[in-house]
Structures are given as C-alpha cells and as structure tokens.
Amino acid sequence: MILTNATPKTISEALDARFQIQRNAAYITDHSEAVEIVIDLGSVATISTEELNGLIKFQSHARHNGCTLVLENVCEDLVKVFTVTRLDRLIAVRNSSTS
C-alpha cells in the first residue's frame, strides 16, 4: 500500500501529511502489507533547519507505525542537503536521476 500526498510547495506542507499515518493506523496494524508514505517534492526547492527536523520526526513516527517514508522528485540541491546531513541514509529518496 502506498499513501501519497498532493504535491506540496514546501516541506512544511509535506509534513502536514502526518494525518495519513494516524488515519490509516488501524489498517497498518491489521495488515502485514508494507506501507510507504510517498511525498512528491517536485515543487520544493529549499528546506529550512526546522523542516529538516520535522522530516526526521515524521520519519520516526512513520517507522514507529510500520511505515516507510519515501521522498520522490527531489531537486538536486535538496539531494545534496540530504547527502551532507546523511538524511539520505534515514529517509529513502527516489529519483530517476539519483537511482
């Protein structure tokens, strides 16, 4: 099962997708199927320290609830940020250009 969010313009908008984990918690608990929360960051060009912290918390919450957080269509500048901060080891980033 993959849960997706509309394309956000900021990381903060993407983090508002947290309700998807809570809303689907019963399904996640009752099924052995792997759940991915996919956030399309194709419209996001920058990220703040606060938003990086929010992503870390969101990823932790997702993992605690049996989900995997996946970021898609991440621009090159953000890929560099995730690499330098080593968040690419914690949060899956899927791009045709970085696969």
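Helices and strands here are DSSP runs, numbered from the N terminus. With that naming in hand, let's walk through this predicted model.

**The core and α4**

A good place to start is the largest nonpolar core, which has 19 residues. The members touching the most others are I37, I39, L55, L69, L71, V74 and F82. At least two core residues come from each of β2 (35-40), α4 (49-64), β3 (67-72) and α5 (76-84), and α4 gives the largest share, with four residues.

So what does α4 itself look like? Its 16 residues reach 23 Å from first C-alpha to last, close to the 22 Å expected at 1.5 Å a residue. Buried in this helix are E51, L52, G54, L55, F58, Q59 and A62. They lie on the same side of α4, because they cover an arc of only 155° around the axis. The other side of α4 holds the exposed T49, E50, K57 and H64.

**Positive phi values**

After α4 comes G66, with a positive phi near 80°. Most residues other than glycine have a negative phi. Which residue in the loop between β3 and α5 has a positive phi near 55° without being a glycine? That is N73. R86, in the loop between α5 and β4 (92-94), is also not a glycine and has a positive phi of about 65°.

| Residue | Phi | Relative accessible area |
|---|---|---|
| N73 | near 55° | 41%, partly exposed |
| R86 | about 65° | 51%, exposed |

The cut-off explains the two labels: exposed means over 50% relative accessible area, so R86 at 51% counts as exposed, while N73 at 41% is partly exposed.

Key: Residues are numbered from 1 along each chain as its sequence is written. This is a predicted model: local features need pLDDT of at least 70, side-chain atom pairs count only at pLDDT 80 or more; totals for chains, interfaces and linings use all residues. Side-chain values use heavy atoms; hydrogens and water are left out. A nonpolar core is a set of buried Ala, Val, Leu, Ile, Met, Phe, Trp, Tyr and Cys residues joined through side-chain atoms within 4.5 Å. Buried means under 20% relative accessible area, exposed over 50%, partly exposed in between (1.4 Å probe, protein chains only). The expected span of a helix is 1.5 Å times one less than its number of residues. The arc is that of the directions from the helix axis to the C-beta atoms.
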